[in-house]
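I opened the notebook on this chain to look up its cavities and pockets, its sheets and one residue towards the end of the chain. The entries follow in the order in which I looked.

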Amino acid sequence: MKGFYNKLLRINLRNKSYSVEEIPDSVLENTLGGKGLGVYLLLENNRKSVDPLSSENNFIISLGPVSGTTIPGSSRYGIFTKSPLTGLFSESYSGGHAAEPMNWTGYDAFILEEASENFVYLEITDQDVLFHDAAYIWGKGTYETEDIIKKEVKTSRVAVLTIGPAGENLIPFAVVENDYWRSAGRTGVGAVLGSKKVKGLAFHGTSMKEVADPELLESFVKKIRYKGKTDAGAKAYRTLGTPMLVAVNNKVEAFPSRYWHSGTFDGWEALTAETMNEQLKTSPRACAQCFMACGKLSEVQDGRHKGLKIEGPEYETIYAFGGLCMIHDLREIAYLNNLCDDMGMDTITAGNLCAFAMEASFMGKIKEKIPYGDPDIAASLLRDFVSRRGVGEVLSKGIRHTAKAWDMEDVAIHVKGMEPAGYEPRILKGMGLAYAISPRGACHLRSTFYKAELSGMIDKDQTQGKAELFIDFEERLALQDMLIVCRFYRDLYMWDELSEIIEATAGIRMDKSHLKKMASYVIDLTRKFNIHEGVTKEDDTLPMRFFEEPLGQGNNVLKKNDFNRMLADYYRLRGWSEQGVPQVINSGRH
């Protein structure tokens, strides 16, 4: 099938072998690659109720039909497995410059099965799979590991994925890093790689797949690049990046602060994109084939961290350490971001856990003195997470375990074991639905519905009829994850553009209704995986604090009846039963 190699590389880590399998056209026509192929392969290869950190949990990397093309936003890969953080479906994506060398190996997907008996890193090419000893780099940070592997592989056209000490120590919110600062960030994919004793993966090759219509693809790329020159959203990402949301969310009281007790942060002006550009001397940084350049290469100009260079911090890191932990200094947040990246852990979960410890100390639930606003204490906590020492030993097991251990289950903020991103659902009501039904826990990226509510596409307080627009967002962005293209092209890649991309790469011509059916099928497959792992309607909910604890000047809550109506509407419009079960389960169709 055009746009694909129709090849799966299966690597057995236990016996250091590999095999190449054909991916039938019929599978790709239904799943389109990326997320669709990832969840399909999980259902085919993972048995039910497998321990996420056992050798039986498969680690899957998938690419899409846009991979290796010049389509803007195409330099992304996806990782799919069972999450050690939630025990459910895990999907995590990363950008940078890794996807292109991965595509040059000549495969659409990679499965790592079993576990190695010794520490290794893999070198995957279009000719071979090499298993290199990694005992001497086990324990090193992600930056140094990436440098060492690149030096050993001895080619400039290589993608290197690594884990840090967090992944090695099976911390359930460990990440996989590439290009130093790009992270497949949430759900603990780094811990799964660590459980298999794989320190890193290096990809290179010379393969090039055929697209269906090169002329249409070239025309599309020219059109989008021209449009991007004047697009207001693209300009905002280039100049301000994701930290522009600090001001936006504070002004509507949707910036979670003081461990979710407030929707604004006193002194938030010190955390804005404008302050960051000035204080950290930022410069735009783009992924391969991208004109957004949303990344910000930052350098601390003064203070005790002077000279520190990092890409970021992004909005979510600023919210987690700045808002939730009440740290006012971007230089300190950049330092905490750097610690997380080098040790290899998710900044959203890490920041939430630091703030939870601060709240526990404030409430007298623990004997340790962990005050809000102290960056040194936060840095110490991060190190304690990874080494599993002191109070970090409890926190390192995640929010559900910690909340139960400290008798704080009524205080803890999470859905299905994963903490939300920086959008307050008592203000942005649709984000409440987004968090509740996301298959990987409280996720903002499967729909990015905050965009619809903050931009005024739909009233943020409205709940009646909101599920219909939400589903349109969810299905369109599911298609983006199947392709795989960057989330920040959501305003440029509408239904017509997605149709054109698929026609140019894969040669399949589909109108909006067909595209929605394809996306819906993959969403249903994802739900099927989670139901197999024990998810029920009762899990599609929010922490009680969002329903009961008033927020801000308007004493805002998300009324439970309003939430239940949105959820019922969502199930009905999805074609699921009243208990949230899709027809694909009863039909047995894969």
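**Entry 1: the largest cavity.** I began with the residues around the largest cavity and found that its lining consists of Lys-35, Ile-437, Pro-439, Arg-446, Glu-474, Ala-478, Asp-481, Ile-523, Thr-526, Arg-527, Tyr-570 and Trp-576. I note at once that the model is a predicted one. When I asked which elements give two or more residues to this lining, I found α19 (466–483) and α21 (512–532). The volume of the largest cavity comes to about 130 Å³, and by class its lining residues divide into six nonpolar, one polar and five charged.

**Entry 2: the other enclosed spaces.** I then looked up how many cavities of 30 Å³ or more there are, and the count came to four. The second largest cavity holds about 50 Å³ of space, and I listed Gly-96, His-97, Asp-179, Arg-182, Arg-285, Ala-286, Cys-287 and Glu-311 as the residues that line it. Sorting the lining of this second largest cavity by class gave me two nonpolar, two polar and four charged residues.

**Entry 3: an open pocket.** Turning from cavities to pockets, I looked up the second largest pocket, in which about 360 Å³ of space lies. Its lining has 18 residues, and those closest to the centre of the pocket are Glu-409, Ala-412, His-414, Leu-542 and Pro-543. Two or more lining residues come from each of α16 (399–405) and α22 (544–548). I also recorded that the lining of the second largest pocket is made up of seven nonpolar, three polar and eight charged residues.

**Entry 4: the sheet that contains β1.** Next I traced an open sheet of six strands, whose order I wrote down as β2-β1-β6-β3-β4-β5, with mixed pairing. Why is one side of β2 and of β5 left without a neighbour in the sheet? Because β2 (17–22) and β5 (89–94) stand at the edges, each has a single partner strand, and one side of each is left without a neighbour in the sheet. On average, neighbouring strands here are turned by 20° against each other, direction ignored. I looked up what packs on this sheet and found helix α2 (residues 34–45), which touches β1 (7–12), β3, β4 (77–82), β5 and β6, and whose direction makes about 155° with that of β3. Within the sheet, β3 (residues 59–62) and β6 (residues 109–113) run antiparallel and are joined by four bridges, with Ser-62 standing opposite Ala-109 in β6.

**Entry 5: β5 and its partner.** I stayed with the edge strand β5, which pairs with β4 in the antiparallel sense over six bridges; in this pairing I found Lys-82 opposite Phe-89 in β5. The two strands form a hairpin with six residues between them, and in the turn Gly-87 has a positive phi of about 75°. Is β5 mostly covered or mostly uncovered? It is mostly covered, with six of its six residues buried. I checked both faces of β5 and noted Phe-89, Glu-91 and Tyr-93 as buried on one side, and Ser-90, Ser-92 and Ser-94 as buried on the other.

**Entry 6: the sheet that contains β7.** I went on to an open sheet of six strands with the order β8-β7-β12-β9-β10-β11, where the pairing is mixed. Its edges are β8 (129–133) and β11 (182–184), each with a single partner strand, so one side of each has no neighbour in the sheet. Neighbouring strands are turned by 20° against each other on average, direction ignored. Helix α4 (residues 142–153) packs on this sheet, where I found it touching β7 (120–124), β9, β10 and β12 (198–203), and its direction makes about 140° with that of β9. Two bridges join the antiparallel strands β9 (residues 159–162) and β10 (residues 176–178), and Leu-161 stands opposite Asn-178 in β10.

**Entry 7: Leu-573.** Last, I looked up Leu-573, whose place is in helix α23 (residues 560–574). Its relative accessibility is 40%, so I entered Leu-573 as partly exposed. Leaving aside neighbours within four places in sequence, I found Leu-573 in contact with Ala-467, Glu-468 and Ile-471. I also looked up Glu-218, which is 355 residues from Leu-573 along the chain, and noted that the C-alpha atoms of these two residues are separated by 37 Å.

Definitions and conventions: Residues are numbered from 1 along each chain as its sequence is written. This is a predicted model: local features need pLDDT of at least 70, side-chain atom pairs count only at pLDDT 80 or more; totals for chains, interfaces and linings use all residues. Side-chain values use heavy atoms; hydrogens and water are left out. On a 1 Å grid over the protein atoms alone, a cavity is a set of points where a 1.4 Å probe fits but cannot get out, and a pocket is an open set with protein on both sides within 12 Å along at least five of seven lines; lining residues have an atom within 4 Å of a point. Grid points are joined across faces, edges and corners, and a volume is the space filled by probe spheres set on the points. Ala, Val, Leu, Ile, Met, Phe, Trp, Tyr, Cys and Pro count as nonpolar, Asp, Glu, Lys and Arg as charged, and the others, Gly among them, as polar. Two strands pair if DSSP finds at least two bridges between them. Axes are lines fitted to C-alpha atoms, for helices over the stretch in contact, and angles run from 0 to 180 degrees between N-to-C directions. Contact means heavy atoms within 4.5 Å. Buried means under 20% relative accessible area, exposed over 50%, partly exposed in between (1.4 Å probe, protein chains only).
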